[in-house]
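Let us walk through the charged side chains of this protein and see how they pair.

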Amino acid sequence: MKASVFIATILDGFIARENGALDWLPPNGGEPHGYTEFMATVDALVIGRKTFETVLTFDDWPYGNKPVIVLSSRPTDLVAPANAVCEMMAGSPPEVVARLAERGMKHLYIDGGVTIQRFLEAGLIQRVIITRIPVLLGSGIPLFGSLSRDIRLEHVATRSYSSGLVQSEYVIAA
């Protein structure tokens, strides 16, 4: 199983405001920066409940008919949009990966701050693509939290875009 992260941060490393708002993102994602091509490579998304709640506030469902696995340790009454393919799941990152591998999934897109942190801590992410948006907020929800050990990354590529977006790709070092 391969698991990847494709996420935007602002220059000071936050992925959302403290209240979860993403109003600093460029309209419609800004210029094309590989998201569509990345999405074509994944079998499913694994996101946390809070991220799912945020996505539900978007005008349009951003994932098409791609399966979305929403992680939550408690029952929730959240309802997905009519055209969305969603299911709730509980379990540790290794348990979630094992269940999805049994279904034949080979590449997962991991999204949401806490979810990314847990999958990184469990050693289950192989690739990280971070697009930095030229905005400073000064506070917010960080992409990375505390870890029990160092996680070394190897730089693959960095691309810059005319809008000011800067995207770096890494693989987790063995």
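**A buried acid and its partners**

Start with Glu 169, which is buried, with a relative accessibility of 13%. The cut-off for buried is under 20%, so Glu 169 falls in that class. Keep in mind that this is a predicted model.

What does Glu 169 pair with at 2.9 Å? The partner is Arg 127, in a salt bridge whose closest N and O atoms are 2.9 Å apart. This contact links distant parts of the chain. Glu 169 sits in strand E10, residues 166–172. Arg 127 sits in strand E7, residues 127–133. The two are 42 residues apart.

Glu 169 also forms a salt bridge with Arg 159. Here the closest N and O atoms are 3.4 Å apart. Again the pair links distant parts of the chain: Arg 159 belongs to strand E9, residues 153–160, and lies ten residues from Glu 169 in strand E10. Arg 159 is partly exposed, at 30% relative accessibility.

Put these contacts together. Arg 127, Arg 159 and Glu 169 are linked in a network of salt bridges. Side chains of opposite charge can pair when their charged atoms come close.

Now turn to another pair. Asp 23 and Arg 17 meet through their side chains in a salt bridge, 2.6 Å from N to O. Is Asp 23 buried or exposed? Asp 23 counts as exposed, because its relative accessibility is 54% and the exposed class begins over 50%. Arg 17 is partly exposed, with a relative accessible area of 31%.

How many salt bridges does the whole structure hold? A search finds six.

Notes
Residues are numbered from 1 along each chain as its sequence is written. This is a predicted model: local features need pLDDT of at least 70, side-chain atom pairs count only at pLDDT 80 or more; totals for chains, interfaces and linings use all residues. Side-chain values use heavy atoms; hydrogens and water are left out. A salt bridge is a side-chain nitrogen of Lys or Arg within 4 Å of a carboxyl oxygen of Asp or Glu. Buried means under 20% relative accessible area, exposed over 50%, partly exposed in between (1.4 Å probe, protein chains only). Helices (H or I, at least four residues) and strands (E, at least two) are DSSP runs, numbered from the N terminus.
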